[in-house]
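Dear colleague,

I am handing over the structure that I have been looking at, and I would be glad if you could take it from here. Please open it first, and then read the notes below alongside it.

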Amino acid sequence: MNFVEDDLHAELRSSVAKLAGQWGHAYYAEKARTDGRVTELWQAMAGHGYLSVNLPEVHGGGGQGVSELAVVGEELAAQGCPLLLMLVSCAISGELIARFGTDDQQGAWLPRLAAGEKVVFAITEPDAGSNSHRLSTTARRDGEGWLLRGVKCYISGVDEAAAILVVARTGDDEATGKARLSLFIVDADAAGLDRTVIPVEIRSPEKQFTLFFDDVAVGSDRLLGTEGDGLRQVFFGLNPERIMGAALANGLGRYALDKASAYARERSVWGVPIGSHQGLAHPLAQAKIDVELARLMTTKAAWLHDNGADGAGEAANMAKLAAADAADSALDAAIQVHGGNGLASEYGLADLWGMVRLLRIAPVSREMILNYVAQHSLGLPRSY
C-alpha cells in the first residue's frame, strides 16, 4: 500500500480547490440565504470536467472512478461549498446510467450530465422510510410503455433537474411478497408529475420536494436496466451515494478545522493565542484525528467500489458514518472555539450546521448503518 497521493489526485485536488475558492463559502451562503442556485459554480465545475470525472470518456467524462469524484466533492466542501447534488446526480444517477443503461440511454444522458445537466434520484416515500420493500409507487404496463403512480418525498433538486431517476414497484415476488423494483428515467416536466417544496431548517441552495406521480407516462426506452432487478441496481448506486456523502462530510470537517485553527492562532484574550489553551486545542486535535480516519475509510471504500472488490458496501457504510460524525464534532468544536462569533454569519460556520447534521441522517441513517455492520460484518442476528 502506498499512502502518498498520486499525481492525478494531487493535481485534481489542487485544481478543484483553486476553482471552488474563486466562489467560496460567502457565495454559497448567500445563494442559500436568498433561495438562489449555485449555477455559476456548478457550470464552471462541469466546464472543467470535474462533475463527470467518473463517467466514460466516450460520453464526455473523465474515464476515472468514484475515487476521483470523491476528491472533487471533498475539495468543494473544504472550500465551504458542499454541493449536495453531486451526491445524487453525479454519483448515484451517473453511476447507475453508466453501469445499467443501454447504449442509447448512455448516449442520450451521459453527455448531458457531463455538460452540467442534472438527473436527480427518487426512492424515499412517506410510508416506507428505509424499507425499500415497502415502496408503493407503482409502474404498470401501458401498451409499449409504463404509467407511474405514487408519492416520493425529500427528493433533492427537482427544480434544477432535467430528469428524475425513479424507483418504482413493477410487481411482487411470489415467494416472499416483497416488491420487485425497477428504475425509470422520467422527465422533470413530465405531464402528470407535480411537486411541492418541503420547508426545512437547512441553509442550502438545493431544495427538497414531495413528488406526486399521477399516471405519468414513460416510454419503454426509459426503463433503466432489467425490469424487476431494480433493488440490485439501487444497491450498486448506494455505495457511490454513501462514499460521496462521506466525501462532503470530510470536506466540511476540514473547512471547519481550518477556520477554527486560524482563529485560535490569531485570537488572543489572556495575552496568548487561545489555541495555546488545551481546553480549546484538544477538541480540535481530536476532531482532526477523527476527520483523517474518516478520510482513510472513504478512500478505501471508493477504491473497493471502483475495482469491484468485496467489502465495498461495508467500507462505504463505515466511511459515511465516520465522516458524518467527524464533521459534526469538527463543526461543533469550531463554533465553540469562536465563542459568540461562532454564531455570527460573517464567520461562516453556524449556517453549515443543518447540512452537517443532515449527513448524520441522510442518505442513510447511522442506525441503519449500525444494523448493517452488526449483521454483515459481525454476523449478528438481523434486528429489523
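In this predicted model, helix α1 passes helix α4 in a right-handed crossing. The axes of α1, which covers residues 7–21, and α4, which covers residues 66–78, come within 9 Å and cross at roughly 35°. On the α1 side the contact is made by Leu-8, His-9, Leu-12, Arg-13, Val-16, Ala-17 and Ala-20, while α4 contributes Ser-67, Glu-68, Val-71, Val-72, Glu-74, Glu-75 and Leu-76. Sorted by character, the residues of this contact comprise eight nonpolar, two polar and four charged.

Helix α2, spanning residues 24–33, has Gly-24, His-25, Tyr-27, Tyr-28, Ala-29 and Ala-32 as its buried residues. These buried residues pack against α1, and also against α3 (39–47), α7 (230–266) and α10 (353–358). After α2 comes Asp-35, which has a positive phi, near 60°.

As for empty space, how many cavities of 30 Å³ or more does the structure hold? There is one of that size, and about 40 Å³ of space lies in the largest cavity. The lining of the largest cavity is formed by Val-38, Thr-39, Trp-42, Leu-85, Lys-118, Glu-160 and Glu-206, and these lining residues divide into three nonpolar, one polar and three charged.

With best wishes,
A colleague

Conventions. Residues numbered from 1 in each chain as written. Predicted model: local features only at pLDDT ≥ 70, side-chain atom pairs only at ≥ 80, totals over all residues. Heavy atoms only, no water. Axes fitted to C-alpha atoms, helices over the stretch in contact; angles between N-to-C directions. Helix = DSSP H or I, 4+ residues; strand = E, 2+ residues; numbered from the N terminus. Left-handed = near helix turned anticlockwise from the far one by under 90°. Contact = heavy atoms within 4.5 Å. Nonpolar A, V, L, I, M, F, W, Y, C, P; charged D, E, K, R; others polar. Buried < 20%, exposed > 50% of the residue type's maximum accessible area, 1.4 Å probe, protein only. 1 Å grid on protein atoms, 1.4 Å probe; cavity = no way out; pocket = protein on both sides within 12 Å on 5 of 7 lines; lining within 4 Å. Points joined across faces, edges and corners; volume = space filled by probe spheres on them.
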